[in-house]
Amino acid sequence: MLNEFKTFIAKGNVMDMAVGIIIGAAFTAIVTSLVGDLINPIIGLVSGGIDFTNNYAVLAGDVPPGASLETAREAGASIFAYGAFIMAIINFLIIAFVVFMLVRYVNKIKDAASPEVEAAEEPKGPTSEELLAEIRDALKAQA
């Protein structure tokens, strides 16, 4: 079993996946900072400071009117935090767009860097007309 595990770990695709996960975790921190610290403030400025995070509905429990979402949670009330969900969707869409643009840019660079391999020309054989002419000549020679 130990040898099988060593073989499994030594495979290239497993190591590539491990490196991808580690880089993905580091990249997540960068993208989260990009969205939270750079893009969201710009969107807030353009949209007039709209922030849905503290929008919620109290399902059960006592919450003072106008309390923040965190205060409502600390009070132990059962809440429907639709605003936090809306902000999570907005953040997801922004992150997905940024990752799409990054992957698109990396693919363009990769395509530009890789040399184009020209397809080797297949050896040309005789055309159908040439074959028919050979058959005709062979038949004439037999007659």
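**Note on the predicted model**

1. Overall order. Counted from the N terminus, the chain's elements run α-α-β-α-β-α-α. The radius of gyration is 32 Å, well over the 15 Å that the globule rule gives for 143 residues, so the chain is more spread out than a compact globule. Keep in mind that this is a predicted model. In total, the secondary structure comes to five helices and two strands.

2. Extent and burial. The C-alpha trace spans about 110 × 50 × 35 Å along its principal axes. Of the 143 residues in the chain, 11% are buried. A residue counts as buried when its relative accessible area is under 20%.

3. Helix H4. This helix covers residues 82-113, which is 32 residues. From first C-alpha to last, H4 reaches 46 Å. That is close to the 46 Å expected at 1.5 Å a residue. Which residues of H4 are buried? They are Gly83, Met87 and Ile94.

4. Two isoleucines in H4. Ile90 sits in helix H4, and Ile95 is found in H4 as well. Is Ile90 buried or partly exposed? Its relative accessible area is 28%, so Ile90 is partly exposed. Ile95 counts as partly exposed because its relative accessibility is 28%. Both values fall between the limits of 20% for buried and 50% for exposed.

5. Distances from H4 residues. Ile90 and Gly48 are 42 residues apart along the chain, and their C-alpha atoms are separated by 16 Å. For Ile95 and Lys124, the sequence separation is 29 residues and the C-alpha to C-alpha distance is 52 Å. Ile94, one of the buried residues of H4, is 62 residues from Thr32 in sequence. In space, the C-alpha atoms of Thr32 and Ile94 are 9.9 Å apart.

6. The H2 partner. Thr32 belongs to helix H2, residues 12-46. Is Thr32 buried or partly exposed? With 46% relative accessibility, Thr32 counts as partly exposed. The 9.9 Å C-alpha distance therefore links a partly exposed residue of H2 with a buried residue of H4.

7. Aromatic pair. The structure holds one aromatic pair. Why is the pair called tilted? The ring planes of Phe80 and Tyr82 stand at 35°, with the ring centres 6.4 Å apart, so the pair is tilted. The angle lies between the stacked limit of 30 degrees and the edge-to-face limit of 60.

8. Tyr82 and its patch. Tyr82 is placed in helix H4. Its relative accessible area is 34%, so Tyr82 is partly exposed. Which residues make the nonpolar surface patch of about 390 Å²? They are Leu59, Phe80, Tyr82 and Ile86. Phe80 and Tyr82 thus appear in the patch and also in the aromatic pair.

9. Salt bridge. How many salt bridges does the count come to? The count is one. The side chains of Arg136 and Asp137 meet in a salt bridge, at 3.3 Å from N to O. This is within the 4 Å cut-off. Arg136 has a relative accessible area of 46%, so it is partly exposed. Asp137 also counts as partly exposed, because its relative accessibility is 42%.

Technical notes:
Residues are numbered from 1 along each chain as its sequence is written. This is a predicted model: local features need pLDDT of at least 70, side-chain atom pairs count only at pLDDT 80 or more; totals for chains, interfaces and linings use all residues. Side-chain values use heavy atoms; hydrogens and water are left out. Helices (H or I, at least four residues) and strands (E, at least two) are DSSP runs, numbered from the N terminus. The expected span of a helix is 1.5 Å times one less than its number of residues. Buried means under 20% relative accessible area, exposed over 50%, partly exposed in between (1.4 Å probe, protein chains only). Rings of Phe, Tyr and Trp (its six-membered ring) pair if their centres lie within 6.5 Å; planes under 30 degrees apart count as stacked, over 60 as edge-to-face and the rest as tilted. Patches are made of residues with over 30% relative accessible area and no salt bridge: like charges are joined within 9 Å, nonpolar side chains (Val, Leu, Ile, Met, Phe, Trp, Tyr) within 5 Å. Accessible areas come from the Shrake-Rupley method with a 1.4 Å probe; for residues, only the protein chains shown count as cover. The radius of gyration is taken over C-alpha atoms; the globule rule is 2.2 Å times the number of residues to the power 0.38.
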